[in-house]
Amino acid sequence: MNYLVIDLEMCKVPKNYRGKNYKYASEIIQVGAVLLDEEYKEIGTLYQYVHPEFGILDYFITNLTGIEKGQIKNAPKLKDALIHMADWLGEREYKVFAWSKSDYWQLDHEIKSKKLNDEKLDELMKPERWVDYQEIFGKKYNFEQSVGLQEALMLCDIEPDGRMHDGLDDAWNTARLIGKNWEKNPNYKLIYRERQEQEDSQPLKVRLGELFEGLNLQLG
């Protein structure tokens, strides 16, 4: 079994650009992917820009992702980019890891809205193939709220590589997180919780006088 760690970057689709065929607020402009072997070691990487059919690349997204208009102007459309990724995967058996369910739903919306019919895309989008690693991470460490990728890296004492919100860099950092926390190291403890446990195990040493130091107590 191989593991495909994927990250998507999107641009905005203004309301007046949306219609019956495409009603969503975002559209994919970049696909980053890291392929891992059964030992969670890197086999290869894939990095593709995607030409949006409805969305526009504004200053906010360019500033966030570093993606320029010239990079997506002549890029392949989504169907060609996804088929290229499927061909790159070949005949491997694989699971898809992503940080949150949002990438799966974005792909699902676009494929259906744009009527991108192809057996390779059907194989890629099988729900049982996809793993939400953000959910797994949260459950493993008993977080009540979702944890962002950057925060998860920090909690695992991993220095992020590259730029946040770059498709390949985010996929690579997610792959590093998986390698440190997944089946290779099931008993890994988050740095801050390990320190907290150590602090909690220390005996409480305080003198009574220290508790009342600085207090102006008046006894009646």
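How exposed is Phe54, as judged by relative accessibility? Phe54 has a relative accessibility of 25% and so counts as partly exposed. Keep in mind that this is a predicted model.

## Rings around Tyr22

Let's start with the aromatic pairs: a search of the whole structure turns up twelve of them. In one of these, Tyr22 meets Tyr24 edge-to-face, with 5.6 Å from centre to centre and 85° between the planes. Tyr22 is buried, at a relative accessible area of 1%, while Tyr24 is partly exposed at 23% relative accessibility.

Tyr22 also pairs with Phe54, and here the rings are stacked: the centres are 4.9 Å apart and the planes differ by 10°. An angle under 30 degrees is what counts as stacked.

## What the stacked pair links

Tyr22 sits in the loop between β1 (2-12) and β2 (26-36), and Phe54 in the loop between β3 (42-49) and α1 (59-65). The pair therefore ties together parts that lie 32 residues apart in sequence.

## A cluster and a charge

Further along, you can pick out one aromatic cluster formed by Tyr3, Tyr40, Phe97, Trp99, Tyr133, Phe137, Tyr141 and Phe143.

Tyr94 has a charged partner to look at: Arg129 lies over the face of the Tyr94 ring, at 4.1 Å from the ring centre.

Notes
Residues numbered from 1 in each chain as written. Predicted model: local features only at pLDDT ≥ 70, side-chain atom pairs only at ≥ 80, totals over all residues. Heavy atoms only, no water. Phe/Tyr/Trp six-rings, centres within 6.5 Å; stacked < 30°, edge-to-face > 60°. Buried < 20%, exposed > 50% of the residue type's maximum accessible area, 1.4 Å probe, protein only. Helix = DSSP H or I, 4+ residues; strand = E, 2+ residues; numbered from the N terminus. Lys NZ or Arg CZ within 6 Å of the ring centre and 35° of its normal.
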